[in-house]
Amino acid sequence: MSKQTIAIMGAMPEEVAPILEAIGEYETVEFAKNRYYKANYKGVDVVIAYSKIGKVFSTLTATTMIEHFGATKLLFSGVAGAISPELKVGDIVVATKLSQHDLDITAFGHPFGYVPEGAVYVEADKELIECSKRVASSMGKEVKEGIIATGDQFVADETRKNWIGKEFDAVALEMEGGSVAVVCDSLNIPFFILRSISDAADMDASFSFDEFLESSAIISAEFIIKMLDEIIG
Ligand code: ADE
């Protein structure tokens, strides 16, 4: 087998700090106005970075990790707003597929989230999802699977949240997964998006986010490190 390099990305420093802590030793490389952390973890090359928030920065980072740093798999770790009332702060969601809720050329008769030659949904890698189920059961954890909707908006509004839930059948929302999915799908790189809930995307979302960003980011990161161990074998 050719050599693998596993990318682990988040959007914010809080999402990546616990991963760097678990990895221990790493080299910092500056590229395209961002910092990438390269390490050898248990014999496997890894590259870690936080992109900064949103679809544009996450597109740049995912592309860089693959095209410049040679990533052969990409795992995303971070927090999300819950749409499903079953999801509470600290719960873990695995994306089965991702969509862009703010992509709108409906004026031309297309569905929300669609542009010609694109697709409303991009599916995450099935083997990595299976791997997450093994990890969840080894940790005795419940993990919800479902559609995650992405957009360049921090959603703090019940009406908007419910619309996204209905239109995309989504259980959670965030600001990077959908763009990372498009990059990985286009470049044929298996990817996996994990999120731990920080808020309910309602009128209290910003307060909840500030309160739980760090703790939920740690929950997500700990799970991702276990997945890395499982992938490495
Ligand atoms: N990430 C975490 N919570 C979010 C929210 N309410 N909207 C968008 N992205 C989020």
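Contact here means heavy atoms within 4.5 Å, and helices (H or I, at least four residues) and strands (E, at least two) are DSSP runs, numbered from the N terminus. You're looking at a predicted model, where local features need pLDDT of at least 70, side-chain atom pairs count only at pLDDT 80 or more, and totals for chains, interfaces and linings use all residues. Residues are numbered from 1 along each chain as its sequence is written, and side-chain values use heavy atoms, with hydrogens and water left out.

**Stop 1: helix 3 on helix 6**

Select residues 126-139 for helix 3 and residues 205-232 for helix 6. On the helix 3 side, pick Leu-128, Cys-131, Ser-132, Arg-134, Val-135, Ala-136 and Met-139; they meet Phe-223, Lys-226, Met-227, Glu-230 and Ile-231 in helix 6. Sorted by class, this contact has 8 nonpolar, 1 polar and 3 charged residues (Ala, Val, Leu, Ile, Met, Phe, Trp, Tyr, Cys and Pro count as nonpolar, Asp, Glu, Lys and Arg as charged, and the others, Gly among them, as polar).

Now for the geometry. The two axes come within 9 Å and cross at roughly 110 degrees; axes are lines fitted to C-alpha atoms, for helices over the stretch in contact, and angles run from 0 to 180 degrees between N-to-C directions. That makes helix 3 roughly perpendicular to helix 6 (under 35 degrees is roughly parallel, over 145 roughly antiparallel, 65 to 115 roughly perpendicular, the rest oblique).

**Stop 2: helix 1 on helix 6**

Keep helix 6 and add helix 1, residues 13-23. The axes of this pair come within 8 Å and cross at roughly 45 degrees, so helix 1 is oblique to helix 6. Show Glu-14, Glu-15, Pro-18, Ile-19, Ala-22 and Ile-23 in helix 1; their partners in helix 6 are Leu-213, Ala-217, Ile-218, Ala-221, Ile-224, Ile-225 and Leu-228. By class, that contact has 11 nonpolar, no polar and 2 charged residues.

**Stop 3: strand 6**

Next, select residues 92-100, which are strand 6. Buried or exposed? Of its 9 residues, 7 are buried, so strand 6 is largely enclosed by the rest of the structure (buried is under 20% relative accessible area, exposed over 50%, partly exposed in between, with a 1.4 Å probe and protein chains only).

Which strands pair with strand 6, given that pairing takes at least two DSSP bridges?

- Strand 8 (residues 143-150) runs parallel to strand 6, with 7 bridges; click Ala-95 and its bridge partner Gly-146.
- Strand 10 (residues 191-199) is antiparallel to strand 6, with 3 bridges; try Val-94 and Leu-194.
- Strand 7 (residues 122-123) pairs with strand 6 in the antiparallel sense over 2 bridges; finish on Lys-97 and Glu-123.

Conventions. Pairing = 2+ DSSP bridges.
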